[in-house]
Amino acid sequence: MSLTLFILSMPIFAQDDEWDMGDWEEETTQDYRISGFFEVAAGLRISDDPLISKDMSLGELRAQFQFDYDLSASRLSLNADAYYDGVLDQTKIQVREAAWQGSLANIIPFGEHFDLKIGQQVLTWGTGDYVFLNDLFPKDFQSFFAGRDDEYLKAPSLSAKLSGFFDLVNIDVVITPEFTPDNYINGDYFSFFSPVAGQQVAPGFDVAGERLPDSPEYALRLFKSVQGTEYALYAYDGYHKTPNSLSETFLPSFSKLRVYGASLRTTLGKGLVNAEYAYYDSREDKNGNDPLIPNSQSRWLIGYEQELVKNLTGSLQWYLERTEDYSSLIDNSLAPEYEVARSRVWLTQRLSYRAMQQTLTLNAFNFYSSSDGDGYLKLNADYSPVDEWRLSAGLNFFYGDEPWTFFNQFEDASNMYLRFRYFY
Amino acid sequence: MLKLFPRVTLGLCCLGLISAAHAEIDVNDLVKESEKVAYYSGDDGRSDARMMIVDSQGRKQMRQFTILRKDVTDNGDQQMMVFFSRPSDVKDTVFRVEKHASLDQDDDRWLYLPALDLVKRISAGDKRTSFVGSHFFYEDVSGRAITEDSFVLEQETDTQYILKATPKKPDSVEFDYYRVSIDKTSKLPVLIDFFKGENDNYRRVEAVQIEEIQGFPTVVRSKVSDLTSGAYTLMEFRNISYDIGLDSDVFSERSLRNPPRQWLD
């Protein structure tokens with residue numbers, strides 16, 4: 001009798017066992033969540049850079065700590081990285097997020113129409129893929145070039161973002177009280193071409209003190225979606241995000257900038273099309289005749305993305321940067337031979353492939369500039385067959401004809417990297 | 001219209017001769033009813049869900065998420081949002097779908113990546129590809145439109161109707177046909193076997209446990225198996241409720257960045 005029972009109940013136990021997935025995370029009694037990862041990363045230059053002694057382009061031990069605390073209708077979040085940077089031999093902390101986010105319902109009149117996120121945060125808008133026109137939020141090109149994870153392309157800023165949602169149109173207003181520049185290439189990881197010096201340099205400079213702008217940055221977006229098409233208008237008031245101006249004493253500095261733009265994104269055939277425009281009003285060089293300050297520019301982008309075959313997606317972008325008052329620029333330039341073409345054109349191509357039940361992701365992205373005769377190829381593979389870890393490998397390869405062009409100045413920065421991330 | 005039997009029009013006098021169990025079944029009505037029960041219960045709904053993905057080597061992955069859904073029309077367009085909470089590298093990632101039932105219009109899809117604060121629009125893709133790494137296809141989750149296939153009733157048992165479905169566009173899918181068992185009482189599809197060629201049953205989707213929630217028969221445990229490799233995914237739902245009064249404003253870019261917490265806890 002008992003044997004019969006035992007045999008009868010066996011398949012039931014087996015069934016239950018299969019469904020034993022452990023506890024559901026985030027039980028209702030728990031208001032906070034902790035997560036994060038440890039990462040080790042190493043990268044090597046493909047060729048020597050005579051200006052930088054180290055072959056290592058990336059070498060770090062990193063720990064990310066995330067803490068979220070849910071209040072009744074809002075959330076406090078903290079996301080911080082602590083890492084040892086072997087290239088610079090420094091230990092650093094980057095607070096990527098320390099913010100309160102919630103609806104203003106029950107806080108102000110008509111509050112149900114408004115969300116606020118205030119504090120240290122990463123911000124993104126616009127339609128480009130690795131190409132930014134109306135997104136003037138800080139970017140980290142050192143991380144992008146060195147092969148850190150894509151999330152580090154966007155750098156955080158201490159900002160307040162107020163969003164309003166209405167039938168007519170939605171609005172985002174972002175105020176960044178203290179100007180937050182890009183993490184630009186300054187010569188401590190990678191050398192760059194100086195048109196004034198007429199050669200490659202690696203000064204490892206920092207723009208600090210009086211040369212840092214002291215006015216806030218303002219960014220505005222109006223957006224609306226109509227029958228599957230997303231429209232947006234943008235404005236920005238602040239400064240060039242890289243120190244591409246020179247002070248009267250020939251030191252790198254940030255000059256005033258306003259940007260106005262628009263974008264749309266919609267489906268077209270089997271794919272997606274996006275178009276974006278931005279006018280860069282370089283306010284300290286209205287007529288384009290100051291050789292120390294960049295001229296104003298019109299920037300255009302058109303992109304298309306489509307799944308080519310199952311699990312393989314391809315995309316193309318055409319980007320045009322047209323410099324205003326070009327003859328004034330050339331007439332007054334200190335180094336006209338190194339100035340960019342009146343119309344700088346980029347063509348980008350991306351192939352993205354997911355394989356092995358999406359545990360393996362392969363990405364190839366290429367920037368090619370037909371006007372500069374140079375380009376930048378990024379290859380990346382991510383492999384993660386389990387939840388606990390991910391192994392990534394990739395290549396950043398800069399190529400071109402002339403040593404001073406935008407991408408090819410980083411030829412000696414070309415590198416290969418490997419990363420291993422363990423999630424806890 | 002595909003029917004197993006020609007419509008009986010013998011008049012009132014003969015009705016008594018036809019027992020209920022053998023009444024004529026309109027296959028199209030049946031699959032439409034089945035689609036409604038499987039994907040359109042109530043006007044809206046929410047559910048917590050988790051999946052365990054087991055590969056052919058026995059390695060396991062978990063996904064945990066909350067689904068909000070609102071029907072535009074029954075058996076028609078739907079709005080959907082999926083808020084991921086686990087594992088930690090996809091935590092706070094949000095997937096938004098505007099499902100279009102018409103075969104001429106692809107679904108609109110967006111993905112919110114919190115680390116970049118990026119709202120990425122996703123181009124229309126093959127719907128028979130993995131949903132977030134699981135053995136469920138995107139189409140298993142959002143529902144394969146019944147207009148994609150031709151159905152024939154093959155067999156009727158005491159408890160089930162067993163239908164064979166053949167794709168109208170065979171080039172667009174990896175199967176040659178599938179066989180679906182529909183529970184007579186609930187009208188839920190409880191077993192779907194996919195075949196290649198004549199008899200190669202390589203894939204199975206099954207309802208493992210069904211509960212009645214607010215009067216709606218609801219699959220609370222389901223399993224999809226790759227019968228070739230032995231890999232499978234289990235999906236389990238809980239905290240399910242229907243007709244909770246979700247406003248269509250919830251299904252928007254606003255909720256990607258600032259999830260509507262009142263519906264998630």
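Colleague: In which loop of chain B is B:Asp117 found?

Modeller: This is a predicted model. In it, B:Asp117 is found in the loop between β5 (108-113) and β6 of chain B.

Colleague: What is the phi of B:Asp117?

Modeller: Phi of B:Asp117 is near 50°, which is a positive value in a residue other than glycine.

Colleague: Is B:Asp117 buried or exposed?

Modeller: The reading rests on a count of C-beta atoms within 10 Å, where 20 or more make a residue buried and 12 or fewer make it exposed. B:Asp117 has 21 C-beta neighbours inside 10 Å, so B:Asp117 counts as buried.

Colleague: Where is A:Gln227, and what is its phi?

Modeller: A:Gln227 sits in the loop between β10 (217-226) and β11 of chain A. Phi of A:Gln227 is near 50°, again a positive value in a residue other than glycine. A:Gln227 has 6 C-beta neighbours inside 10 Å and therefore counts as exposed.

Colleague: Which residues does a cis peptide bond join in chain B?

Modeller: The cis bond joins B:Arg86 and B:Pro87, with omega at about 0°. B:Pro87 is placed in the loop between β3 and β4 (94-99) of chain B.

Colleague: How many helices and strands does each chain have?

Modeller: Chain B comes to four helices and 13 strands. Chain A has three helices and 22 strands.

Colleague: What do the overall dimensions say about chain B?

Modeller: Two readings can be set side by side. The C-alpha trace of chain B spans about 70 × 45 × 35 Å along its principal axes. The radius of gyration of chain B is 20 Å, which agrees with the value near 18 Å for a compact globule of 265 residues. As for burial, 30% of the 265 residues of chain B count as buried.

Colleague: What are the corresponding values for chain A?

Modeller: The C-alpha atoms of chain A fill a box of roughly 100 × 60 × 50 Å along the principal axes. Of the 424 residues in chain A, 32% are buried.

Colleague: What share of the contacts comes from residues 24 or more positions apart?

Modeller: The share is taken among contacts with a separation of 6 or more. Residues 24 or more positions apart account for 43% of these in chain B, and for 55% in chain A.

Colleague: How should I read a single helix, such as α1 of chain B?

Modeller: Start with length, then look at burial. Helix α1 (residues 27-39) of chain B has 13 residues and reaches 18 Å from its first C-alpha to its last, close to the 18 Å expected. The buried residues of α1(B) are B:Val31, B:Ser34 and B:Glu35. These residues cover an arc of only 100° around the axis, so they lie on the same side of α1(B). Their packing partners are β7 (149-156), β9 (177-183) and β10 (189-196) of chain B.

Colleague: Which residues have the most contacts inside the largest nonpolar core?

Modeller: The largest nonpolar core has 34 residues, and those with the most contacts inside it are A:Val259, A:Phe407 and A:Phe410. At least two residues each are supplied by α2 (141-146), β11 (229-239), β14 (256-268) and β15 (271-282) of chain A. The largest share, four residues, comes from β11(A). Apart from this core lies another, of 14 residues, including B:Val31 and B:Phe175.

Colleague: Which residues does B:Phe251 contact, beyond its neighbours within four places in sequence?

Modeller: They are B:Lys70, B:Gln79, B:Met81 and B:Arg96. B:Phe251 lies in the loop between β13 (232-242) and α3 (253-257) of chain B. B:Phe251 is buried, with 22 other C-beta atoms within 10 Å.

Colleague: How many residues does each chain bring to the contact between chains A and B?

Modeller: The contact takes 34 residues from chain B and 41 residues from chain A. On the side of chain B, the elements that give two or more residues are β1 (44-54), β2 (60-71), β3 (78-86), β6 (118-122) and β13. β2(B) gives the most, with three residues. The side of chain B that touches chain A divides into eight nonpolar, ten polar and 16 charged residues.

Terms used. Residues are numbered from 1 along each chain as its sequence is written. Chains are lettered from A and ligands numbered from 1 in the order in which they are written. This is a predicted model: local features need pLDDT of at least 70, side-chain atom pairs count only at pLDDT 80 or more; totals for chains, interfaces and linings use all residues. The expected span of a helix is 1.5 Å times one less than its number of residues. The arc is that of the directions from the helix axis to the C-beta atoms. Two residues are in contact if their C-beta atoms, placed from the backbone, lie within 7 Å. A nonpolar core is a set of buried Ala, Val, Leu, Ile, Met, Phe, Trp, Tyr and Cys residues joined through C-beta atoms within 7 Å. Ala, Val, Leu, Ile, Met, Phe, Trp, Tyr, Cys and Pro count as nonpolar, Asp, Glu, Lys and Arg as charged, and the others, Gly among them, as polar. The radius of gyration is taken over C-alpha atoms; the globule rule is 2.2 Å times the number of residues to the power 0.38.
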